[in-house]
Structures are given as structure tokens and as C-alpha cells.
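I sat down with this one to jot what I could look up, place by place. Notes follow in the order I went.

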Number of protein chains: 2
Amino acid sequence: MSAASGDSRLGAQFAFLNEADRLKSVLRATTLVDGSRPENSGEHSWHLALYALVLADQAGPGVDINRVIRMLLIHDLVEIDVGDVPIHSANGLAHGSVDTMAAEAKAADRIFGLLPPDLRDDLRALWEEFEAAQTPDAVFAKSLDRVQPVMANLMSGGGTWTTYKVTRDQLESRVGVKIARGAPALWEWVRARTAPFFG
Amino acid sequence: MSAASGDSRLGAQFAFLNEADRLKSVLRATTLVDGSRPENSGEHSWHLALYALVLADQAGPGVDINRVIRMLLIHDLVEIDVGDVPIHSANGLAHGSVDTMAAEAKAADRIFGLLPPDLRDDLRALWEEFEAAQTPDAVFAKSLDRVQPVMANLMSGGGTWTTYKVTRDQLESRVGVKIARGAPALWEWVRARTAPFFG
Ligand SMILES: [Ca+2]
């Protein structure tokens, strides 16, 4: 690689990393564990990668925890353009809607498109894999993405369950099923602790 | 593993993950790229892991980028007890002082000590490796930890260089040498762009 092309490659890598910084300003419906303020999607992504590192023994057969960590590091970048769509908002209908998915694909074009082509293609494919939730790595990553806000709600005294008046059945269908798919013991453990909030 | 011991293992894993959440409330001297507010150490850790993922081609021989990412995810956890010690504070003398290092070791005992013994020992060893800055993985991780605030300062119009009246020689000795040790092309690239701030 010539010095000049190396220079423009680094320029593209830093352009992406500087743009990614904006994820720290995207606020989620969930608060910090101490309830003091909303969590942002940058620190959420860090916390989830740490979940993967610490809960790797909960992953099913065929899961590559290093790929799960990489997936979780980039899984929310599209929110820089689209914002966080809370799982319980609009009676559970906004998250995963056709409109939301189209907007996220456009955001992925723009944001991953800042990278040099090889990295753009790799990270875009990793994000698509997460979204599709079919491979063992993506299924486990999705389970962690669902269990971390449950833990924040448990710790902070109800959190988004109170905000959105979530019922036990809604928690089971919107959240529990997806945690259990990739990490059944995690759902069993946290479900037992949600009982007092859905009495 | 019996159900009961599995249950207490998960309890320890979640106790650690809930304690780790507090890193989101530790503020650094550096701001976000847009200068809007101080960066916290949780989102900083995420951004650094993303740096490792995107700048992996800058790592020297023998670097395992997955270990670098793991290292960066946990490298600042001790700040939950000790706080961030800015590199340019107290005329560059507070960071890495004997007192700071002793306080960080005590914090590591407490925080990693929340984990089950196998994970405690693994992550504690990874943190010690980062701190010692001798292995190729740790040297590259340290380079990224130094270059990310330089980029934030460049983007936000001076940042901590202005706050702490940093000179060109101080930037070179406190920061540049350490970036160059693990990632020489990164230091060359950013140093060229710091010139207007040290005119
Ligand atoms: Ca750091």
C-alpha cells in the first residue's frame, strides 16, 4: 500500500470512528441501574459486550463469543440516524416495523459506508447477521440485548415496565421468548425475579 | 453443576455486571467529539473496543485483536472506585503514581472479586496484563487508549490540551511515545493534525 492510499484509508477509518461517537448521544428508554438518568446507546453497547464476556458460559453450542462481542459493539450504530425504538413503545408495534427496518437499512448504508470497502462489507454483514437473528451467534447476541434492560428495570424499581404499563404476558412475548431462545437459563433466572413487578 | 450452584454462579455474574454499570457515571477530562459534554468511562470503553475492531490492521505482529477488545472492555473498571486520573492533570504526575496504582489494585480486588473465581482470575489477569503494558496485545491496547482522546481533542477544538495548557513536548512524551510504541502510523497520522494546536 502506498503512503498516500494508507493515509486515505486511515482517514476513512477515523471518519467512521468519529461518526460512531454520536451513538453516545442517543438516549434509550431504559435508565442506568441506579435510575439516575437514561442510558445512552454507546455505553449500552459496552455493557452488552461485557455481558457477552462474562456470560459466555450461557452460550449454546456453536457460538463464537468473539464474534458475538464484535456484533454487539456495532449492533446499535444505525440508531445514530434512526434513534432508539423502545421495545415496549407504541404498544410493542414500532420496534421491528417495516418503516423502522427500512430506515435502519438506509442508516447502515450511510454509516458503514464511511469505512474503507473491506471493513464496510465485513461490518455491514455482521450487522445484517445480528438483525436476521438466525445464526447461533446472532441468537445469543439478541438474548443478551434483551436481558440487559430487564436487569436494569429490576435494579431500578420497574423502569420501562412502569413507563409503558407492560403486562406479564407482554414481557413474556416481547422479551422472554427472545431471551429464552438463546439463553434459557438466563430467562429462568431473571423471570423468577420479575414476579414482584407483575403481581 | 447443580441447579443451586448454577444459580449462585449467575448471581455472582450479575452482581459484577450490575456493579460495572457504575462506570457509566465516571466522568473523564475528555469530551465527546462534538464537545457537548464530558465523556464517561463506560462509553469510552465501548469506543476503544470499536477502535480496535476498525484499526486492527494497525496492530503489530503477534497481536490477537479479540484479546485486545476484551482487554479494552475491562481496562477502566477500577475507575468505579478510583475515578479517572487524567493523563495531563497535576502536571502529568498523578497518572501512574504509586498512590494511584495502589488504589487501583485495591479496586481490582473488590470489583473482579464479585465474579465467580474462574472469571475473577481470568479478567484480573487480563487487567494486570494491560496495566503492565509489556505484551503485544497490551502495547496495542495502550496505543488505542492514548490515541482516542487525541482524536476527541482534535475534533472538539483543543479539549484537554487547552484545559491543562499542554505543550508540544508534553504531548510527545506523555502521549505520542505511547501511541507510537504500539501503532506508529497512527501517531504519525494524528501528530500531523495536532500542529495547529501547538503553533
Ligand atoms: Ca482508558
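**Notebook: domain, hairpin, metal site**

I began with the record: an unreviewed UniProt entry annotates residues 20-187 of chain A as "domain: HD". I'm working from a predicted model, so I keep that in mind throughout. Across residues 20-187 of chain A, I get 62% helix and 5% strand. The C-alpha atoms at the two ends of that stretch sit 31 Å apart.

Next I checked strands. In chain A, β1 (residues 27-31) and β2 (residues 38-40) pair antiparallel, with two bridges. I found Thr31(A) opposite Pro38(A) of β2(A). Six residues separate the two strands of this hairpin, and Gly35(A) has a positive phi there, near 75 degrees.

Then I went to chain B for the metal. Which protein atoms are donors of the calcium ion? I listed His44(B) through NE2, His75(B) through NE2, Asp76(B) through OD, and Asp145(B), which appears twice through OD. Their distances from the ion run from 2.3 to 3.0 Å. Along the chain, I wrote the donor spacing down as H-x30-H-D-x68-D. I also looked up burial for two of these donors: His75(B) and Asp76(B) are both buried.

Last stop was Ser97(A), in the loop joining α4 (79-82) to α5 (98-112) of chain A. Why do I log Ser97(A) as partly exposed? Its relative accessibility is 21%, and buried would need under 20%. I also took Ser97(A) against Asp137(A): they are 40 residues apart in sequence, and their C-alpha atoms are 23 Å apart in space.

Key
Residues numbered from 1 in each chain as written. Chains lettered and ligands numbered in written order. Predicted model: local features only at pLDDT ≥ 70, side-chain atom pairs only at ≥ 80, totals over all residues. Heavy atoms only, no water. Helix = DSSP H or I, 4+ residues; strand = E, 2+ residues; numbered from the N terminus. Buried < 20%, exposed > 50% of the residue type's maximum accessible area, 1.4 Å probe, protein only. Donors = N, O, S within 2.8 Å, 3.2 Å for Na, K, Ca; no water. UniProt positions renumbered as here; feature names shortened; annotations may be inferred. Pairing = 2+ DSSP bridges.
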